[in-house]
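Student: I'd like to learn how to read a protein structure, one feature at a time. Can we go through one together?

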Amino acid sequence: MKKHISILAALVFISCADTVAAKQTTQQVKTSVLEETSIVVLGNVQDAGSPQIACKKECCEALFEHPDSQRRVVSLGLVDTENQKSYMFEATPDIAQQTKMLTQYTANSTSELVNGIFLTHAHIGHYTGLMYLGKEAMDAREAPVYVMPKMEDFLLNNGPWDQLVIRKNIRLHKMVEQVAINLSDKISVTPILVTHRDEYSETVGYHIKGPNKSALFIPDIDKWDKWKKNIIDEIQKVDYAFLDATFYSGKEINNRDIAEIPHPFVVESLEKFKGLSKTEKSKIVFIHFNHTNPLLNPKSEESQFVLSQGFKIGRINDVFKL
């Protein structure tokens, strides 16, 4: 296994993803009304975005001057076409653009806000977008936000988040692990606890069940072998698996203690999943890329290698029918 990982890791650049991607100019993101209930990728980047604050690497330099609209913080959208509703997984710092994208997928939509937001945990890229629902911005009215118990306590007992509840900008819905939230008679969302750095809240992934297919969403987790569940078993239960791919390999974080950020490296996931059938591999959609991850660049050797092995790489506006 070590030999295999070493060979794959050799493909990685020590600094950032290929600079070709960094020099891309901003592109207009176009959406079209969906005819079937679907999941939409609204973002695929790690919490701090790309370019990342204080980044002096070549891959960030061009992006400060020419932002790439294809780089937004990780989020999935769920469009319920039968009931003309939409839901968002994560409230990111890019929530304004992501909400606009998602509501435009819904026919005859007059709402500028989704019908519900599901949070995974209390790390900056996954909940801080809630601030834009407050008085200083949208001043929303009781926007439904689905949270686990510790996440609920965090929002209720810390400012400025408690103000959102007090002013009724948001309405918290407490979830229970492995208990489904029924969004309709054909759509349900079930939280699943995962192992991660839980400084302020627990961390969950989600099992999303649609009219015909289902998906697993785990944007953040520690090494796969630290989880009490078997990721192979979980992949086999669903039709799509959106999985943490923060770092391609440890070479990206040569200036930090790897033990402090123990995400499963892509090279480790490739090794773990190499025995899966072609069909099972095709379910896996890598997501949540650090700004240094070469998978952000569709033209990189690493992107081409991952695709050649039968896996998918999540890109903004990718649609997966449920």
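Student: How many residues does the hairpin use to join strand 7 to strand 8?

Tutor: This is a predicted model, so keep that in mind as we go. The hairpin between strand 7 and strand 8 runs through 5 residues. Strand 7 covers residues 181–182, and its pairing with strand 8 is antiparallel, over 2 bridges. To see one of those spots, find N182: its bridge partner in strand 8 is S188.

Student: What pairs with strand 8 in the antiparallel sense over 6 bridges?

Tutor: That's strand 9, residues 204–209. Look for P191, whose bridge partner in strand 9 is Y206. Then look for T190, which has H207 as its bridge partner in strand 9.

Student: Is strand 8 largely enclosed or open to the outside?

Tutor: Strand 8 spans residues 188–193, and 5 of its 6 residues are buried, so the rest of the structure largely encloses it. As a general idea, side chains in a regular strand alternate between the two faces of the sheet.

Student: What is the order of the strands in the open sheet that holds strand 7, strand 8 and strand 9?

Tutor: Reading across, the order is 7-8-9-10-11-12-13, which makes 7 strands with mixed pairing. At the edges sit strand 7 and strand 13, each pairing on one side only.

Student: And what about the sheet with strand 14 in it?

Tutor: That one is also an open sheet of 7 strands with mixed pairing, in the order 6-5-4-3-2-1-14. Its edge strands are strand 6 (170–174) and strand 14 (319–321), and each of them has a partner on one side only. Next to the edge, strand 5 (residues 143–147) pairs with strand 6 in the parallel sense over 5 bridges. Within that pair, V147 stands opposite K174 of strand 6.

Student: Which strands does helix 4 touch when it packs on the sheet?

Tutor: Helix 4, residues 95–104, touches strand 1 (38–43), strand 2 (75–80), strand 3 (85–89) and strand 4 (117–118). Its direction makes about 150° with that of strand 3. There's another helix to find here: helix 6 (residues 149–156) lies across strand 5 and strand 6, and runs at about 150° to strand 6.

Student: Which residues of helix 4 are buried?

Tutor: Start with the general idea: an α-helix has 3.6 residues a turn, so residues three or four places apart point the same way. In helix 4 the buried residues are I95, Q98, T99, M101, L102 and T103. These buried residues pack against strand 1, strand 2, strand 3 and strand 4.

Student: How do I read a nonpolar core? Which residues have the most contacts inside the largest one?

Tutor: Look for I231, L243, F273 and V306, which have the most contacts inside this core of 31 residues. Several elements give two or more residues to the core: strand 10 (214–218), helix 8 (231–236), strand 11 (240–244), helix 9 (266–273) and strand 12 (284–287). Helix 9 gives the most, with 4 residues.

Student: What is I231 in contact with?

Tutor: Leaving aside neighbours within four places in sequence, I231 is in contact with L216, I218, W224, L243, K272 and F273. There is also a second, separate core of 30 residues, which includes V79, Y105, V114 and L155.

Student: Loops next. Is N169 buried or exposed?

Tutor: Anything under 20% relative accessible area counts as buried. N169 has 1% relative accessibility, so it is buried. You'll find N169 in the loop between helix 7 (161–166) and strand 6. Its side chain reaches the backbone oxygen of A140 at 2.9 Å. Not counting residues up to four places away in sequence, N169 touches several others, including L133, D139, R141 and L164.

Student: Where does I316 lie?

Tutor: I316 is in the loop between strand 13 (312–313) and strand 14. This residue is buried too, with a relative accessible area of 6%. Now find R71: it is 245 residues from I316 along the chain, yet their C-alpha atoms are separated by 7.7 Å.

Student: Zooming out, how many helices and strands does the chain have?

Tutor: The chain has 11 helices and 14 strands. Of its 322 residues, 57% count as buried. Among contacts between residues at least 6 apart in sequence, 71% join residues at least 24 apart.

Notes:
Residues numbered from 1 in each chain as written. Predicted model: local features only at pLDDT ≥ 70, side-chain atom pairs only at ≥ 80, totals over all residues. Heavy atoms only, no water. Core = buried A, V, L, I, M, F, W, Y, C linked by side-chain atoms within 4.5 Å. Buried < 20%, exposed > 50% of the residue type's maximum accessible area, 1.4 Å probe, protein only. Contact = heavy atoms within 4.5 Å. Pairing = 2+ DSSP bridges. Axes fitted to C-alpha atoms, helices over the stretch in contact; angles between N-to-C directions. Polar contact = N/O pair within 3.5 Å; in protein donor to acceptor, adjacent residues only side chain to side chain.
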